[in-house]
Amino acid sequence: MEAHTVGWADASAGVEERHAALMALKLVAARGVLDGKADCGHVVFALGQLLADANAPALLRTDALGALRSICQTRAQWECIRQAHVDVAVARTLQGGSYTERVQAFKLARGAIHQEEAAESAQLFILALARVAEAATDALQLPALEALRELAARHPERAAANGVLRVLIEAVVDEDRGSTPPPPADPTLLERDPFAAHDAGTEAEVAAATVSFAPGAELRTDEQVEGQYNK
């Protein structure tokens with residue numbers, strides 16, 4: 001366990017050192033080295049503490065979510081996440097973290113809601129996605145609606161049991177009633193950096209960033225997100 005947590009779990013270490021250590025942990029997890037329940041449990045618990053630390057830099061919390069995405073593969077690993085209540089932290093982050101954190105939480109939740117291994121955590125993520133999808137001004141509303149639409153198509157019973165169909169129907173009804181839809185996708189806007197727009201903080205910039213997440217558009221890759229911080 002110490003080999004996987006020393007460095008990034010040390011609050012006295014610098015941000016860059018902890019960032020590099022978390023990237024290494026992500027690679028280790030992707031190779032399936034954390035299959036042991038004890039090892040996985042310790043790592044997941046430490047990641048959960050990092051996510052719960054309001055004073056931790058957003059970069060490190062974003063890294064922690066990326067590492068969790070690599071860890072969440074087997075039923076045993078999801079059981080570790082559920083027992084440590086890290087799935088609750090992910091659901092909360094999806095609804096109210098920084099933009100970069102929310103994108104990572106969204107990617108984790110979007111994949112988890114289709115996994116049988118994550119069945120006990122999936123409901124939390126579905127409810128969190130539904131709340132985001134109901135927020136008309138949320139920059140992740142359209143991706144959340146698309147994720148719920150895909151869930152309804154692939155797992156209709158699971159979607160119906162968690163109120164997803166109601167959310168999708170209301171989204172259609174609201175548009176028919178004349179609610180203002182997002183502006184059409186502009187090729188020049190699609191080339192913009194949504195993270196830079198978010199950091200600018202102006203309504204116009206955030207609106208421009210929202211356009212880049214129209215249904216069918218791809219979210220930024222982990223490499224792109226990491227590259228922003230390594231410049």
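**Exercise 1. In which helix do Arg166 and Glu170 both lie, and how many residues apart are they?**

Solution. Since this is a predicted model, each step below reads computed values. Begin with the position: Arg166 and Glu170 both belong to helix α11, which covers residues 164-176, and they are four residues apart, about one turn of the helix. Next, recall the geometry of such a helix: an α-helix has 3.6 residues a turn, so residues three or four places apart point the same way. Then look at the side chains, where Arg166 forms a salt bridge with Glu170, with the closest N and O atoms 3.2 Å apart. Finally, consider exposure: Arg166 counts as partly exposed because its relative accessibility is 43%, and Glu170, at 36%, also counts as partly exposed.

**Exercise 2. Find which residues form a nonpolar patch on the surface, and place Leu165 in its helix.**

Solution. The patch is formed by Leu165, Ile169 and Val173, which together have about 240 Å² of accessible area. Leu165 is found in helix α11, the helix that also holds Arg166 and Glu170. With a relative accessible area of 39%, Leu165 is partly exposed, because that class lies between the cut-offs of 20% and 50%.

**Exercise 3. Work out how Glu79 and Arg82 are paired in helix α5, and what else joins them in a network.**

Solution. First locate the two residues: both lie in helix α5 (residues 75-83), three residues apart, about one turn of the helix. Side chains of opposite charge can pair when their charged atoms come close. Here Glu79 forms a salt bridge with Arg82, and the closest N and O atoms are 2.7 Å apart. The pairing extends further, as Glu79, Arg82 and Glu120 are linked in a network of salt bridges. As for exposure, Glu79 has 23% relative accessibility and so counts as partly exposed, while Arg82, at 29%, counts as partly exposed. In the structure there are nine salt bridges.

**Exercise 4. Determine which residues of α5 are buried, and where they fall around the helix axis.**

Solution. The buried residues of α5 are Gln77, Trp78, Cys80 and Ile81. Seen down the axis of α5, these buried residues fall within an arc of 150°, so they line one face of the helix. Past the end of the helix, α5 is followed by His85, whose phi is positive, near 60°.

**Exercise 5. Describe the salt bridge of Arg149 and say how exposed its two residues are.**

Solution. The partner of Arg149 is Glu146, and their closest N and O atoms are 2.7 Å apart. Both residues lie in helix α9 (residues 141-154), three residues apart, about one turn of the helix. Arg149, with 42% relative accessibility, counts as partly exposed, and Glu146, with 26%, counts as partly exposed.

**Exercise 6. Identify which members of the largest nonpolar core touch the most other members, and trace the contacts of Leu129.**

Solution. The largest nonpolar core has 54 residues, of which Leu47, Leu68, Val90, Phe125, Leu129 and Leu148 touch the most other members. Taking Leu129 and leaving aside its neighbours within four places in sequence, we find contacts with Leu94, Phe106, Ala109, Ile113, Ala144, Ala147 and Leu148.

**Exercise 7. Is Ala54 buried or exposed, and where is it found?**

Solution. Ala54 is found in the loop between α3 (37-52) and α4 (58-71). Its relative accessibility is 70%, so Ala54 counts as exposed. Its C-alpha atom is separated by 10.0 Å from that of Gly97, although the two residues are 43 residues apart along the chain.

How values were computed
Residues are numbered from 1 along each chain as its sequence is written. This is a predicted model: local features need pLDDT of at least 70, side-chain atom pairs count only at pLDDT 80 or more; totals for chains, interfaces and linings use all residues. Side-chain values use heavy atoms; hydrogens and water are left out. A nonpolar core is a set of buried Ala, Val, Leu, Ile, Met, Phe, Trp, Tyr and Cys residues joined through side-chain atoms within 4.5 Å. Buried means under 20% relative accessible area, exposed over 50%, partly exposed in between (1.4 Å probe, protein chains only). Contact means heavy atoms within 4.5 Å. A salt bridge is a side-chain nitrogen of Lys or Arg within 4 Å of a carboxyl oxygen of Asp or Glu. Patches are made of residues with over 30% relative accessible area and no salt bridge: like charges are joined within 9 Å, nonpolar side chains (Val, Leu, Ile, Met, Phe, Trp, Tyr) within 5 Å. Accessible areas come from the Shrake-Rupley method with a 1.4 Å probe; for residues, only the protein chains shown count as cover. The arc is that of the directions from the helix axis to the C-beta atoms.
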